[in-house]
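Got the viewer open and a selection box ready? Let's take a walk through this fold, one selection at a time.

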Amino acid sequence: MIDVSVVIPVRNSATSLKHAVSSVLHQTGVSFEIVIVDDGSNDQGATRAEIETLAHDTPCIKPIWRSHEGISSALNAGIAASSGRFIARMDADDISLPGRLHLQSQYLNCHPDIGLVGCHVAFGGDKTVHAGYAAHVDWTNRIVTPHDIRLALFRESPLPHPSVMFRKALVDRFGGYRHGDFPEDYELWLRWSEAGVSMAKVEETLLVWNDPPDRLSRSCPRYAPERFYTVKAACLARWLRHNNRHHPTIFVWGAGKASRARAEMLVHYGITIQAYIDIDDKKIGNIVQGRPVVGKDAIPAPKEGFIVSFVGSRGGGELVQEWLCRHGAIPGRHFILAS
């Protein structure tokens, strides 16, 4: 019986695929197969030839050939063809480090209450040129426990997609990847989390998350920042309905143009914004969209109002959280960071 199916969707990935597959083949301590889904490569047969060579030499590789329908369809096809109890994600330009499959599958075997497990990842790029991505990796590595992952999902994805392993049965229960105008992995994490799926991480670095210039998150508009806010707005509104005892009223920390635009998405789902909070003296006292902008001296006590922070500057959310916790507020009970 196969424990883990490693699903790798590829398109025009002839130059990197061999190294990715090799890193999986060196895994030990667990039975696995590698399901490679060619999503309609059009590189003059180079990717197909590479897959055929790898599959000819290695019986555990299962190739799937498809016309180009996008990564969501490719992933769903790969999962449907998988034989393992667990699905491990990986991309053609990433490297699984020794012990990854064993440690993650062992974690799921030992924690039946956990449906998905990630890990720490190493940033495989230029930290100077791409400081934003490097900072994001550092942030994801700090988010480990089911509680922290559940709350962090309302900021952005704390789970690098190629680093996760999950129970295949979850796809049957809650559905697989959906295609739409949004990042497919983030939508799935939000949907599964809302359905009650607990997610955690092995606290070891088990994947090198490479950062090539043509990665989808750079080149595809579905991964633009505003698409993340659009897809999470409905989920966040439902979460607030169940967790904000002052529902439907909230205070929004962040009165800048971008913060207000993102917060206003919640109004569509029945949330009422009582006021905006900001530390900029030039904004305090203004009325924007019929709502006052107030300073920190007007922030409600933890039991008197719920705060949603849309402060998007790097490190800004952490400063908001530090201030609120210092004044007695508890994350998830009295406030939540959403940016």
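Start with the aromatic rings: a search of the whole structure, which is a predicted model, turns up five aromatic pairs. Select F166 and W192 to see one of them, an edge-to-face pair with 5.1 Å centre to centre and 80 degrees between the planes. Since F166 belongs to strand β7 and W192 to helix α8, this pair ties together parts that are 26 residues apart in sequence. Switch on a surface and check the two rings: F166 counts as buried, at 0% relative accessibility, and W192 is buried with a relative accessible area of 0%.

Now pick Y186 and F228. Their rings make a tilted pair, 5.0 Å centre to centre with 45 degrees between the planes. Y186 sits in helix α8 and F228 in helix α10, so here the pair ties together parts 42 residues apart in sequence. Are these two buried or exposed? Both Y186 and F228 are buried.

Next, select F154, W239 and F306 together: ring pairs link these three into a cluster. For a ring with a charge instead, go to W65, where the charged end of R48 sits over the ring, 3.9 Å from its centre.

**The cores**

Time to colour the nonpolar side chains. The largest nonpolar core has 54 residues, and F166, W189, W192, L236, L240, V308 and F310 have the most contacts inside it. Which helix gives the most to this core? Select residues 225–243: that is helix α10, which contributes eight residues. Zoom in on L236 and show what surrounds it. Leaving out residues up to four places away in sequence, L236 touches F154, L266, V308, F310, I336 and A338. There is also a second, separate core of 36 residues, which includes F86, A92, A200 and L207.

**The sheet**

Hide the side chains and switch to cartoon. What is the order of the strands in the open sheet? Trace β3-β2-β1-β4-β7-β6-β8-β5, eight strands with mixed pairing. Look at the two ends: β3 (61–66) and β5 (95–96) stand at the edges with a single partner strand each, so one side of each is left without a neighbour in the sheet.

Step inwards to β4 (residues 86–89) and β7 (residues 165–167), which run antiparallel and are joined by three bridges. Put F86 back on display, the residue from the second core; opposite F86 in β7 stands R167.

Carry on to β6 and β8. These strands run parallel, joined by 10 bridges. Click V121 and look across to β8, where its bridge partner is L207. Then turn to the other neighbour of β8: two bridges join β5 to β8, and this pairing is antiparallel. L207 turns up here as well, with S96 standing opposite.

**Helices on the sheet**

Keep the strands in view and add two helices. Select residues 46–57 for helix α2, which lies across β1 (4–10), β2 (32–39) and β3, and runs at about 155 degrees to β3. Then select residues 184–194 for helix α8, lying across β6 (114–124), β7 and β8 (198–210) and running at about 165 degrees to β8. That brings you back to the first stop, as W192 of helix α8 is the ring paired with F166 of strand β7.

Definitions and conventions: Residues numbered from 1 in each chain as written. Predicted model: local features only at pLDDT ≥ 70, side-chain atom pairs only at ≥ 80, totals over all residues. Heavy atoms only, no water. Pairing = 2+ DSSP bridges. Helix = DSSP H or I, 4+ residues; strand = E, 2+ residues; numbered from the N terminus. Contact = heavy atoms within 4.5 Å. Axes fitted to C-alpha atoms, helices over the stretch in contact; angles between N-to-C directions. Core = buried A, V, L, I, M, F, W, Y, C linked by side-chain atoms within 4.5 Å. Buried < 20%, exposed > 50% of the residue type's maximum accessible area, 1.4 Å probe, protein only. Phe/Tyr/Trp six-rings, centres within 6.5 Å; stacked < 30°, edge-to-face > 60°. Lys NZ or Arg CZ within 6 Å of the ring centre and 35° of its normal.
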